Amino acid sequence: MVALITHDRSSNILEPSCGEGVFLTSLKEQGYNNLNAYEIDSSLNNSHHFVRYESFVSAPINEKYDVIIGNPPYIRWKNLEEELKEELEVSPLWKRYFNSLCDYFFIFILKSIEQLNDNGELIFICPEYWMNTTHSRTLRDYMLNNGAVTEIYLFKEAPLFEGVISSFVIFKYIKSQRTEQISFYKYLKKSKPTKEDLIGKTCFERQDIPQFVIGERWILANTEKRCSIVSLEKACEKQALLLFDSDANMCRIGDFCDIGNGMVSGLDKAFCVTDTSVLNEDEKAALIHVYKAKDLQQYYNITDSYYFFLRDNISESAFRRRYPHIYTKLCSYREDLLKRYSYGRNLQMWEFAFPRNETLFKKEQERIFVPCKERISHKQYFRFAIADSTTYPLQDVTAILKKQNCKESIYYILAYLNSGMVFEWLKYNGIVKGEIVEFSETPLASIPYRCINWDDEREVGCHNNIVKYTQQYVKTKDIQNLSFIEANLNTLFYE
Ligand SMILES: C[S@@+](CC[C@H](N)C(=O)[O-])C[C@H]1O[C@@H](n2cnc3c(N)ncnc32)[C@H](O)[C@@H]1O
């Protein structure tokens, strides 16, 4: 990071939260001598005598610097000490730009920029997520209104700091500068980078990406990918304007589908029934058909299982009489079953720990399942799979069921969710932690959705074709259907 500074050795440099002074030491070693620093924790072992043990948040705003460099504190509002919250509550900058959904490091970025001279450089390492979230928009827009990002180094899940699992970025930003291109470096190794990796910029894939745009999320992708993401959103916006009222925002999956995380047994091996032939009729009637994440493939399932699932209020002796085989099996796990987290209930040994969203899953309609977490380092698709009306999702699966207002077929939604454009959209807009994309309710609900205009024959034709080819693909696994699906989706979205 020190090597990214282009100002000369006499420039006025600030480290706003210097900890034990690693940056200061490195700056000194590189010949920078005009150094300033803040740190609130005076108990830290820091040998640099010039450090001011005061909060940077309240430091005089009129002190200007040529370079501000560091690793600011990342703390969510709810985890902030009372004293720091009180300080923020009276900070004019915090009050103007941020709120309690924002992270503590936002003020370090924004205030640092305020305190840079024109052409001053801000070089920070911090988590990546704020480039993409809604509540950090004011910070991003402030940055673009006052300068430009010139370099970004993305480390994804590489273990930069011991015990911290997060995707980190180093960014360089220049105040009052207009730059069209950002040099974007993606770190390719899984292990911690060595000094040589960093200085020589080996182990990075470099790409020039266009400058970010005010009002938009910061998507670390080239123009082509950004265009495809933006045009997906535009197509969904245009359709919402046409079909609903002119003030309507873009439609999203959550407007047309209910989404629910799968049920939690608390001890799957106890509830999973592998041999149903020995069961009596009551026991068979108490089985549910389930999919776990490992059962899912793109479009369809490859395996499945049956779980014992009982909701009746029943005594242990009655349970043993009615469900003898299940009882024997559960008893062999009794100790572990009783240790399960009970979500505040008086949990019987034979009950699921958390049968969440059961009412939703009982609906008699086909549904789409997706693993609630998916690693995308080695694949270019997600596994949205169809499931029939009697199949339940377990804990590591999230289910999508149509709401009443949704006229499109569930197979249209299945094809759409499995499409390349949704994959790209989710890769850059979903909840992505390192190489893992999360599919809980909120990120799934936020996927843009393109409704069909049922008055437009061409659209209805495309919809019906997509449904037909998707059903055929699920049934026959003949991959030719996939190109027909793609062609029809392209007609809907891009023509
Ligand atoms: C992530 S650590 C980084 C320390 C140092 N920059 C480094 O990289 O080793 C963040 C530091 O910020 C300090 N800090 C937290 N709030 C601060 C504030 N309001 N003003 C100055 N320093 C602060 C913490 O005490 C901690 O030492």
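**Exercise 1. Overall fold**

What percentage of the contacts in the protein with a separation of 6 or more do residues 24 or more positions apart account for?

*Solution.* The model is predicted, with local features needing pLDDT of at least 70 and side-chain atom pairs counting only at pLDDT 80 or more, whereas totals for chains, interfaces and linings use all residues. Residues are numbered from 1 along each chain as its sequence is written, and side-chain values use heavy atoms, with hydrogens and water left out.

Step 1. A contact means heavy atoms within 4.5 Å. Residues 24 or more positions apart account for 69% of the contacts with a separation of 6 or more.

Step 2. The protein has 19 helices and 19 strands; these are DSSP runs (helices H or I, at least four residues; strands E, at least two), numbered from the N terminus.

Step 3. Along its principal axes, the C-alpha trace spans about 85 × 60 × 45 Å. Of the 495 residues, 53% count as buried, where buried means under 20% relative accessible area, exposed over 50%, and partly exposed in between (1.4 Å probe, protein chains only).

**Exercise 2. Helix H4 and Ser 136**

Determine how many residues of H4 are buried and which elements they pack against.

*Solution.* Step 1. In H4, 10 of the 11 residues are buried, among them Tyr 104, Phe 105, Phe 106 and Lys 111.

Step 2. The buried residues of H4 pack against strand E3 (65-70), helix H2 (82-89), helix H3 (92-97), E4, H5 and strand E6 (168-175).

Step 3. Ser 136 is found in the loop between strand E4 (116-127) and helix H5 (137-146). Ser 136 is buried, with a relative accessible area of 0%. Not counting residues up to four places away in sequence, Ser 136 touches Phe 106 and Trp 130; Phe 106 is one of the buried residues of H4.

**Exercise 3. Packing of H15 and H18**

Describe how helix H15 (residues 410-417) and helix H18 (residues 457-476) cross.

*Solution.* Step 1. Two packed helices are described by the angle between their axes and the distance between the axes. Axes are lines fitted to C-alpha atoms, for helices over the stretch in contact, and angles run from 0 to 180 degrees between N-to-C directions.

Step 2. The axes of H15 and H18 come within 8 Å and cross at roughly 80 degrees. H15 is therefore roughly perpendicular to H18, a class that covers 65 to 115 degrees (under 35 is roughly parallel, over 145 roughly antiparallel, and the rest oblique).

Step 3. H15 contributes Tyr 411, Tyr 412, Leu 414 and Ala 415 to the contact, and H18 contributes His 463, Ile 466, Val 467, Thr 470, Gln 471 and Val 474.

Step 4. These residues divide into 7 nonpolar, 3 polar and no charged. Ala, Val, Leu, Ile, Met, Phe, Trp, Tyr, Cys and Pro count as nonpolar, Asp, Glu, Lys and Arg as charged, and the others, Gly among them, as polar.

**Exercise 4. Two residues with positive phi**

State where Asn 119 and Lys 477 lie, and give the accessibility class of Asn 119 and of Lys 477.

*Solution.* Step 1. Asn 119 lies in strand E4 and has a positive phi of about 65 degrees although it is not a glycine. At 41% relative accessibility, Asn 119 counts as partly exposed.

Step 2. Lys 477 is found in the loop between H18 and helix H19 (480-494). Lys 477, not a glycine, has a positive phi of about 65 degrees and, at 38% relative accessibility, counts as partly exposed.
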